[in-house]
Structure formats: structure tokens, C-alpha cells
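Welcome, and thanks for taking a look at this one. Please keep the fold in view as you read the short briefing below.

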Amino acid sequence: MFIDLSLIRSAFVDYNTTLNAKDSKFCLCCFSHLYSSQTVFSPYTLYLTECADEISFETDFPIHYLLCLPEKKDTHDVLIEHENTFLLVVYGCDLQNAEQRLSHFFEQHCGRSLMSDTLLDILFSENGVQAMVNKVYTVFQNPITIFDAGYNLIAANFDQIDSFPMAKSMIENNGFTDKEFEMVNHLNYIHKRMMDSDSPLLIHHPEVGFDQLICPINSSHNYGHIVLTALNHPFAEHDKDFLKILQKAVDQQMKKDEFIRNNRGYHYEYFLKDLLDGKVIPASSGNHSYDYINEDLSEPLYCMTIETARSSSTLSTLHIRSDIENLFPKAKTLLYNGEIIAVICKENSVPLLPEELNELQIICSEHGLYAGLSNSFTDISLLKEYYKQALRALELGVSLDHSPQLFIYDSYYLRHLSHIFSQKESLQTFCHPIIQKLLDYDTLHESNLAKTLYTYLIYERNLAAAAKSLFIHRNTLVYRMKKIDQMVSIDYNNPAERQYMILSYELYKA
């Protein structure tokens, strides 16, 4: 925001003021007292004084002054125009009062500028309305909720409103509840009053017992509305001004989203839904309508599927999506068939790290989520296949462990393989004869010869490593292996036979 003497004059509207009629090209960013012995000046500083004699009119660079005089009198001599002198005279205001007003003025206007700059950064990124709401909470210190024209919840400070029953029901309903609609209908045409108002409208919410500031996202078009609730403390003087800045940013973000949908082929959510529905022909077949999405996706990719219906608690899908996108800024999330789908990609193009998987586990645990994570892939056109893979991980994981968590396909691929195989063939028909013989012997004699052989093979016939894995002494393992060799004939140097026996036992375990 450009601050000059004309704008500062507005802070003294209840005083008589005089301003020499010139426009400065320098934006003022602070103020300071003018001292009689002062020799160093800045064109970006406003200098305060009560003595007209201290003002220098013969300077080679611009200087801005605010002169406080006790009463209005002939100031013709004071207001002699000079190309480098910019002077605002305030009558009947002492320096202490002027300093207090200027402190408040710069605090508010610099705060607006910083907030506008922050929202502008978000607007030019792909973070969207939820990121704006998260960021400006520190400005208001009161929660914000944003609804579209259909009264569906677009974004909110979920952590701050989660403790209130009405807010919980609104999150669960993903928008206005019947009670909320009933309340709005009895608030004296509040929607029309809000749309007709030039500034945010102050109301008292009869249900939650707090004051609220409400404003439309756009007063000319019914895009929806923004609500600021005085939940933590009463409204401050600047809240209306800051809310109007947020209003403009949200309006621009929604216009941007609409433009993307209408002019860039489709927004990424539409593109990903079309991929999942099998409606998109891969680019290799000549369709390049969606090539722009590849600019935002780096390899490797992962598909994470969250089944919201399995959760026993109230979920905010927007909040969960925001948590994932905060953890992975390049992730793309969407709602699909009642599920939250996240296409995870990383800026540094390396596989998911253990600590990142742990963060996803924490998100699932905190929200009571059941989620499946696919293997990595590199071609976004294969999303549908890896979405199915994430679903398989979820289904197979839940069949073994009913607690909410992240189920990773890599841990269940053998169980998946055995499930597919057993639909057409018996697993027994696939099993290597040696493994089958050892399994039968173990069942009859309550021994572990099949597992012993399997462990020996996967540790590359290293007796020490295999014994350590089985928690037995090396001599015990030697004894068991001799017993196995007496029962069956194994060609340990044949890699195909070793692989067959390993896979047979793994499918048996699965």
C-alpha cells in the first residue's frame, strides 16, 4: 500500500489540517521526531515537529513533515511551496497525540500490506482458499469459515472450531445444517443485507452466542460468503478492513479456479477423476489436452486412498486434504466415490522416506483413518491401476488389523498374489513338492522344518544369519538342515529351484 501525506491526513479527520498541494513519489514507511540539530534525513520517513522554524525548505532531496500547531492561524509563510518539501499541518493536536495516531496508522496499514502480500503469494501458488484461511488466522486470532453459494463448506480453521457441537455437525454435513438454515431464515433477510452492504456485516449468532462478521465473497455475484466468529476475543477495530482484504483474495482465487476449469482444459481434479473413470486416452495415443498437469507432477508418484466411511468419528475432508498437502506441497487431492484420493509426489524426486511414511501414519491415527498406499509409479495415466492397488492394500490390511492406520501395498503384495491365484487354482497345486512335504511333516510332528529351509534360503544359505533370524543356536540350525537333507533331495545350486521354494512358502504364509 502506498502511504503518502494525503493518506496520513485521513488519520486526522477530526482536526483542521492543511496540506501543500503536491504529490510525493516516495512511499512513507515510518515516522520520527525532528530535532533542531538533525542533518541526516530519509525521503521514506515522516518527521514530526511543533516548531515551524525547524523545517528546512532548501534541500536537494524530498523531506516529509507533519507540523503540529496549537491553533489555526495564517500559515502562508509555513506553506511556501518547494519542490522537495512536503508538509502536512495539523491544528490543535499535540505531538504525543499525533505520535499515538501515527503508530496506530502505520501498524494498521503495514499490517494490511503484509497480509495482502501473503495472500498474493498464495494466490499465485496452487495452495488455494484453505491455505489463505490457515495463514490469516494469526491476523484475526478468531476462526474463519467460508461457504460457497450452495452453503457448502469450502474452507475453515478446523482446529479452532472443532470443539463446538454446531461446528462439528457443519463439518460432518460439509456445510449448513437444517438448524443453520432455520437460523438464517429468521435473521431478518441477513443474506440480502450482507450482499447489499459495502462492509462486513456484524451480527450476533443466537445459537453459539458469539458475534460474527459476515461478508459475501463477491457482492456482485453470489459465489458464497465468509464468516469471522468472535470465538476467542471481541472483534478488533481493524478486523473489518482485514476481512475485506481476505474477501478480495478469496474472490480472485475462485475466479482463478473457474478460469482454469474453463480455459486450461480441466482443473486437475477433473483430469484425475477422468483418469480414474477411464475417460482419458493417454498422451501417447495423441491426446495432449492434459499435458499441463505433468508440469506439477514429479516422479515417483504414489496413490493414497482414504475410505472416509470406515472412520467412526466425524471427518473434515478439507482438513485431511489440507494436512496431506501441507506435508507434500506438490500433492494433488480430490474426493472420488466418497473417498479421499491423494496423488503424492515430492519436489526432490526421491522415494518416500520412513519419516514421511510415519507422518502419514500419524495423520491416519489422529483422524481415525483407514488408508491404503500404492507402490511408486512414474506415468500419471496409470493412476487407475495404482488406485486399485491402494484399495487392495486397504482391504487386505483391514482383514488382518482392524485399527485405523496406513496400509502399504508393499506389505501385502504376496497376500494379494495368493488371493488372485487361489481364485483359479488351489495354492496347494502351486506349492513346490519339497515345501509341501516339509509342511505336512511339520503339521504331524509340530516342527518348523519348512520355515527353517525358507529362512536358510532367503539368507543366501548363510548359517549364522539364518540362525540369528530364527533365534536358535547355529548348531541347532545345522542339525535341522541335516534332517531336511535326509528327508528330501535339494539342488541348492539351482537358482530356479531355490526361487520356487521361497515363493511357495511365502504364498503359504500369505
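What follows is a quick tour of confidence, sheets and helix packing.

This is a predicted model, and the chain averages a pLDDT of 81, with 81% of the residues scoring at least 70. Two open sheets of five strands are described here, one with mixed pairing and one with antiparallel pairing. After them come the contacts among helices 15 to 18.

**Confidence**

- Confidence in the chain is highest in strand 14, at 95, and lowest in helix 6 (residues 178-185), where the mean is 60.

**The antiparallel sheet**

- Reading across this open sheet, the five strands come in the order 7-6-10-9-8, and their pairing is antiparallel.
- Strand 7 (153-156) and strand 8 (201-205) are at the edges; each has a single partner strand, so one side of each lacks a neighbour in the sheet.
- From one strand to the next, the twist averages 25°.
- Five bridges link strand 8 to strand 9 (residues 210-216) in the antiparallel sense, and here Leu201 stands opposite Ile214 of strand 9.
- Helix 3 (residues 128-140) lies across strand 6 (144-148), strand 7 and strand 10 (224-229), and runs at about 40° to strand 7.

**The mixed sheet**

- The other open sheet also has five strands, in the order 12-13-11-14-15, and its pairing is mixed.
- Its edges are strand 12 (332-336) and strand 15 (406-408), each of which pairs on one side only.
- Neighbouring strands in this sheet are turned by 20° against each other on average, direction ignored.
- Strand 11 (residues 301-307) and strand 13 (residues 339-345) run antiparallel and are joined by seven bridges; Leu301 has Cys345 of strand 13 as its bridge partner.
- Helix 9 (residues 268-276) lies across strand 12 and strand 13, at about 60° to strand 12.
- Helix 11 (residues 354-367) also packs on the sheet, where it touches strand 11, strand 13, strand 14 (371-373) and strand 15; its direction makes about 140° with that of strand 15.

**Helix 15 with helix 16**

- The axes of helix 15 and helix 16 (residues 449-458) come within 7 Å and cross at roughly 140°, which makes helix 15 oblique to helix 16.
- On the helix 15 side, Ile434, Ile435, Leu438, Leu439, Tyr441 and Asp442 meet Leu449, Ala450 and Leu453 of helix 16.
- This contact of helix 15 with helix 16 comprises eight nonpolar residues, no polar ones and one charged residue.

**Helix 16 with helix 17**

- Helix 16 and helix 17 (residues 463-470) have axes that come within 9 Å and cross at roughly 130°, so helix 16 is oblique to helix 17.
- The crossing of helix 16 and helix 17 is right-handed.
- Lys451, Thr452, Thr455 and Tyr456 of helix 16 make the contact with Leu463, Ala466, Ser469 and Leu470 of helix 17.
- By class, four residues of the contact of helix 16 with helix 17 are nonpolar, three are polar and one is charged.

**Helix 15 with helix 18**

- Helix 15 (residues 433-445) also meets helix 18 (residues 474-487): their axes come within 11 Å and cross at roughly 115°, and the crossing is right-handed.
- Lys437, Leu438 and Tyr441 of helix 15 are in contact with Lys483, Ile484 and Met487 of helix 18.
- Four nonpolar and two charged residues make up the contact of helix 15 with helix 18, with no polar ones.

Definitions and conventions: Residues are numbered from 1 along each chain as its sequence is written. This is a predicted model: local features need pLDDT of at least 70, side-chain atom pairs count only at pLDDT 80 or more; totals for chains, interfaces and linings use all residues. Side-chain values use heavy atoms; hydrogens and water are left out. Axes are lines fitted to C-alpha atoms, for helices over the stretch in contact, and angles run from 0 to 180 degrees between N-to-C directions. Helices (H or I, at least four residues) and strands (E, at least two) are DSSP runs, numbered from the N terminus. A crossing is left-handed if the near helix is turned anticlockwise from the far one by less than a right angle, and right-handed if clockwise. Contact means heavy atoms within 4.5 Å. Ala, Val, Leu, Ile, Met, Phe, Trp, Tyr, Cys and Pro count as nonpolar, Asp, Glu, Lys and Arg as charged, and the others, Gly among them, as polar. Two strands pair if DSSP finds at least two bridges between them. pLDDT is the predictor's confidence in each residue, from 0 to 100. Angles under 35 degrees count as roughly parallel, over 145 as roughly antiparallel, 65 to 115 as roughly perpendicular and the rest as oblique.
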